[in-house]
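Grab a pencil and work through the exercises below. Each one sets a task and then walks through the solution.

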Number of protein chains: 2
Amino acid sequence: MNRSESTSPFPGSGTPRRSDATRGAIVAAARERFATDGYERATIRAIARDANIDPSMVMRYYGNKEGLFAAAVAIDLRLPDMSGADRRQDAGRILVEHFLDMWENNEVLTALLRVGVTNQAGAERMQDILREQLLPVAQQVCPDPEQVPARAALMASQLLGLALTRYVLRIPPAMGLTRAQIVAWLAPTIQRYLTASNP
Amino acid sequence: MNRSESTSPFPGSGTPRRSDATRGAIVAAARERFATDGYERATIRAIARDANIDPSMVMRYYGNKEGLFAAAVAIDLRLPDMSGADRRQDAGRILVEHFLDMWENNEVLTALLRVGVTNQAGAERMQDILREQLLPVAQQVCPDPEQVPARAALMASQLLGLALTRYVLRIPPAMGLTRAQIVAWLAPTIQRYLTASNP
DNA sequence: AGGGCATGTCAACGATTGTTGGCAAACAGA
DNA sequence: TCTGTTTGCCAACAATCGTTGACATGCCCT
């Protein structure tokens, strides 16, 4: 069995390998290219050039381009726990602030959004993240379990819409909004989508 | 001067040409391909095959791929006039309903959103549309002219976010929402973004 | 010290892409 | 009817893509 065929990109999780530095450089370059260029225009050759290695190394370590994308875009939204009545009535503000922190410090989110729009596998990955990470949070806040998926979808539409206009399309007036303004405007929206009674 | 070098795709606007049928087939096929595949994966060869003509015809009539995209994606949101106090206090509902009609009957909008995310020219086109079509509507509804760009950006974030999750990413719970549900949830949001006093 | 495996480079492959120029046929105006 | 233009197809181009296999170098274990 060839130990090096594993695709785990990080040292510390599993047996450390001599090539971990190279693997790290590859996924780092891949993240950047996928974020700025999207899936199709982010070429393996350009990623390899950024990582200062040969393109064939990418193939050896990650199999193919899809494998590289899967390894480079591993997303954990680190959503805070929303149990407790005090947090529940502040859920809108907390979630909006958390999302802003995430998007401004994590280029992987931009990469996933860019790829998800033009790539089927990317779109499915986004669906997974919403189902496994966003939906549980909605479940903690929303009263009626049956309405949770719809409310989570509404929340996602507003939060992803903000990310789309501000970080991907880079629409000037959306970029001009201050953090405080965004929180002040969007927090009540999210709060209402999660907790308001059926309109 | 070669009359056929014009890129006007439709008969009726300008001198009719013998090749107008072909031109129409090309832009129709282009719209569909750009909508489903995005810019990079929509190949000129595939578009030409759909239109039952030779790829070189696309080049002759539209110069290059960018020219074809520009000719295929001409967007008029046909936003209703929002003057009048009665319409102004119903702006949220009217706009949400109008956007749903547009997105469900016009594949060009999906095409532009898909392309705008991965293509610089597409993103700039979206900015133009927002500035020239969405901003004036916000101006009719919003009291303070200085706040119009920010309010239009907020409205765009929610409306584009809905289109993103529902028509592009096709997230199941977002697709499961009925038209009535969407209007009921989003109309107050848009109304507030446009008319509420500074939060 | 030596055998085996991991790491890395190099060159090339087949496929596909946007794009171009030449040539045949159909049409339009005289 | 004749001439020039428009329409269309065909073949090919240069570039680039993801991907592969051969080969050299270095590290690790016994």
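**Exercise 1. Find the salt bridge between B:Asp128 and B:Arg131, then place both residues.**

Step 1: the side chains of B:Asp128 and B:Arg131 meet in a salt bridge, 2.6 Å from N to O. The cut-off here is a side-chain nitrogen of Lys or Arg within 4 Å of a carboxyl oxygen of Asp or Glu.

Step 2: both residues sit in helix H8 (residues 120–141) of chain B, 3 residues apart, or about one turn of the helix. Helices are DSSP runs (H or I, at least four residues; strands are E, at least two), numbered from the N terminus.

Step 3: B:Asp128 has 28% relative accessibility, so it counts as partly exposed. B:Arg131, at 46%, is partly exposed too. The classes are buried (under 20% relative accessible area), exposed (over 50%) and partly exposed in between, with a 1.4 Å probe and protein chains only.

A word on the ground rules: this is a predicted model, local features need pLDDT of at least 70, side-chain atom pairs count only at pLDDT 80 or more, and totals for chains, interfaces and linings use all residues. Residues are numbered from 1 along each chain as its sequence is written, chains are lettered from A and ligands numbered from 1 in the order written, and side-chain values use heavy atoms, leaving out hydrogens and water.

**Exercise 2. Look at two salt bridges in chain A: are their residues buried or partly exposed?**

Step 1: A:Asp20 pairs with A:Arg17, the closest N and O atoms being 3.4 Å apart. Both A:Asp20 and A:Arg17 are buried.

Step 2: A:Arg93 and A:Glu97 form a salt bridge at 3.2 Å, N to O. They are separated by about one helical turn because they lie 4 residues apart in helix H6 (residues 91–105) of chain A. A:Arg93 is partly exposed at 35% relative accessibility, and A:Glu97 is partly exposed at 25%.

**Exercise 3. Describe how the two domains of chain A meet.**

Step 1: an automatic or database assignment sets the bounds, giving domain 1 (3–72) and domain 2 (85–195). Their centres, taken over C-alpha atoms, are 28 Å apart.

Step 2: 12 residues of domain 1 and 11 of domain 2 of chain A take part in the contact, meaning heavy atoms within 4.5 Å.

Step 3: the two domains bury about 920 Å² between them, 62% of it on carbon and sulfur atoms. Buried area is the accessible area (1.4 Å probe) that two parts lose on being put together, summed over both.

Step 4: there are 0 salt bridges between these domains. On the domain 1 side, helix H1 (20–41) and helix H4 (65–72) of chain A each give two or more residues, and H1(A) gives the most, with 9.

**Exercise 4. Which residues of chain A lose the most area to chain B, and how many salt bridges link the chains?**

Step 1: chain A and chain B bury about 3800 Å² between them, 70% of it on carbon and sulfur atoms. In chain A, A:Val117, A:Leu169 and A:Trp185 lose the most area, together 20% of what that side buries.

Step 2: the count is 2 salt bridges between the chains. One of them joins B:Glu40 and A:Arg41, with the closest N and O atoms 3.5 Å apart.
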